[in-house]
Amino acid sequence: MQLFPRPDSARQRQAETSSTGAVRRLRKSPLRKTGVVAAAAAVVLALSACGGGAAPQSADGTVELRFSWWGSDKRAQLTQAAIDAFEAENPKIKIKPEYGDWSGYWDKLATQVAANDAPDIIQMDEKYITEYSSRGALLDLSKYEIDTSKLDEAALNAGKSEDGLTGIAAGINAATIIANPAVFQAAGVPLPDDKTWTWEDFERIAAEVTAKSPKGSYGAAAYGTDEASLGVWLRQNGKSLYTSDGKLGFEPGDIAEWWAFLKQLSENKAVPSASEVVEAEAAPLDQSGLATGKNGLAFWWSNQLPALEKAAGTELQILRFPSKTGKAADTQLWYKASQFWSASSRTKHPEETAQFINFLANNEKAGEALLADRGVYPNSDVRAAIESKLTPADIKVVKFIDQIKEELGEAPAPPPKGAGAIQEIVKRYTSEVLFNRLSTDEAGKKAHDEMKSAISS
């Protein structure tokens, strides 16, 4: 199954944290040499003589702002409720929603930016924020009246770069392992202590669940189809996925070791076989191994717990990643911005745009509308104010995020330009390794070369 898939729907959960579809579309594009995003943003710079994309102010002083996001129908309903709350307080500002699923979002946005028709407010992803920011397509929000005093520091810093504050975190989450206690109970194996377990414990426990499962369940799902788990592994070994100057922060041998451990897990039947991994990756969320009881453990983002519990029809448990030392403080997790609120640098109404983003980030009414749909609310005051309105599953996520606060490692460097292609590369070479078409060393060298080329092009 895909590591860290999307929570919103069967198709979207695979897309938001997977750049596979986007990468394939980029390759079909005539702009593929530099990527649609980079090329489109470059065109924006050439269109400097043109005006912004927003409609001019009406005769009665009303301003219309366009607001684009990706997500499920439920997200659209919740976001519309937040829009309604804002418009009730600001009758002279009207918000026009534009939304769809992830699969077409980035191509559409790139086209809009190239045509100087970008929405005023843009839901942005960490894979592409550097791409857009570095080309001057996003507004520096630090120049406008947006209160950031109650935002978690790590989440706030994720939207900063040398181009300014180009994104305000819409939600935060963390890389986790989610357990299905029913699978463990059926196998007669106790759940691991996530404050003390090591990777060796992970292998032993997962293999034991597989061996003792009366229903043929595997102890764990395989990692390797998302760069997030690679990032955790590298951080625990003193490396990083990226460096602050936009380069790879590891060597071919580092990723080869990561794949070598995955092969060991597969050989010991701690995780499914290669063919089963490929088959599971294409499954929708409600048919994922964790939801159907085929896996006892699986790698997901924390904010995906509610959707998984609903699909599984049973309570699930969030666990920290294992560490090399068995100490929670050495797990090297971090707060990830699930999405950002960004703004077009070409908007004709930057003050009003910032006013709306400030509302989304800091107003309790926005929090009551959005709840935990985009992850745990980054504003600590809003988070506390809306906790009583959250579902039990969402409260679990909030508590986990709070529990690991003192254990977090240094925030990782933001993905550089071209990083949208990395996940496709990781996933492809994971398959090559699992099917024994390449050795781990060969895959490490080839993957590293491709990744290096992707972020330097």
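Analyst: A residue counts as buried when its relative accessible area is under 20%, and as exposed when that value is over 50%. Please keep in mind as we go that this is a predicted model.

User: Which strand has five of its five residues buried?

Analyst: That is strand β7, which covers residues 175-179 and is mostly covered. The burial can also be read face by face: Ala 175, Ile 177 and Ala 179 lie on one side, Thr 176 and Ile 178 lie on the other, and all of them are buried.

User: With which strands does β7 pair, and in what sense?

Analyst: Two strands count as paired if at least two bridges are found between them. Strand β7 pairs in the antiparallel sense with β9 (residues 295-301) over five bridges, and it pairs in the antiparallel sense with β10 over three bridges. Ala 179 shows both pairings in one residue, with Leu 297 as its bridge partner in β9 and Gln 317 as its bridge partner in β10.

User: In what order do the five strands of the open sheet stand?

Analyst: The order in a sheet follows which strands sit beside one another, and here it reads β2-β1-β3-β11-β6, with mixed pairing. Strands β2 (93-100) and β6 (168-173) each have a single partner strand, so one side of each is left without a neighbour in the sheet, and these two stand at the edges. From one strand to the next, the twist averages 20°. Within this order, β1 (residues 63-70) and β3 (residues 121-124) pair in the parallel sense over two bridges, and Phe 67 has Ile 121 as its bridge partner in β3.

User: How should I read a residue in a loop, and where does Thr 331 lie?

Analyst: It helps to take place, burial and contacts in turn. Thr 331 lies in the loop between β10 (317-319) and β11 (336-343), and it counts as buried because its relative accessibility is 3%, where the cut-off is under 20%. Leaving aside residues up to four places away in sequence, Thr 331 touches Val 232, Gln 236, Phe 321, Pro 322 and Ser 323. The side chain of Thr 331 also reaches the backbone oxygen of Ala 328 at 2.9 Å. Measuring from C-alpha to C-alpha, Thr 331 and Arg 320 are 7.5 Å apart in space, while 11 residues separate them in sequence.

User: Is Gln 236, one of the residues that Thr 331 touches, buried or exposed?

Analyst: Gln 236 is buried, with a relative accessible area of 11%, and its place is in helix α10, residues 227-236. Beyond residues up to four places away in sequence, Gln 236 touches several others, including Phe 321, Pro 322, Ser 323, Asp 330 and Thr 331. The side chains of Gln 236 and Trp 199 are joined by a polar contact of 2.9 Å. Gln 236 and Leu 333 are 97 residues apart along the chain, yet their C-alpha atoms are separated by 9.2 Å.

User: How many helices and strands does the protein have, and what percentage of its residues is buried?

Analyst: The secondary structure comes to 20 helices and 11 strands, and buried residues make up 58% of the 457 residues. Of the contacts between residues at least 6 apart in sequence, 77% join residues at least 24 apart. The protein exposes about 18,100 Å², of which carbon and sulfur atoms supply 49%.

How values were computed: Residues are numbered from 1 along each chain as its sequence is written. This is a predicted model: local features need pLDDT of at least 70, side-chain atom pairs count only at pLDDT 80 or more; totals for chains, interfaces and linings use all residues. Side-chain values use heavy atoms; hydrogens and water are left out. Helices (H or I, at least four residues) and strands (E, at least two) are DSSP runs, numbered from the N terminus. Axes are lines fitted to C-alpha atoms, for helices over the stretch in contact, and angles run from 0 to 180 degrees between N-to-C directions. Buried means under 20% relative accessible area, exposed over 50%, partly exposed in between (1.4 Å probe, protein chains only). Contact means heavy atoms within 4.5 Å. Accessible areas come from the Shrake-Rupley method with a 1.4 Å probe; for residues, only the protein chains shown count as cover. A polar contact is a pair of N or O atoms within 3.5 Å; within protein, one must be able to donate a hydrogen and the other to accept it, and residues adjacent in sequence count only if both atoms are side-chain atoms.
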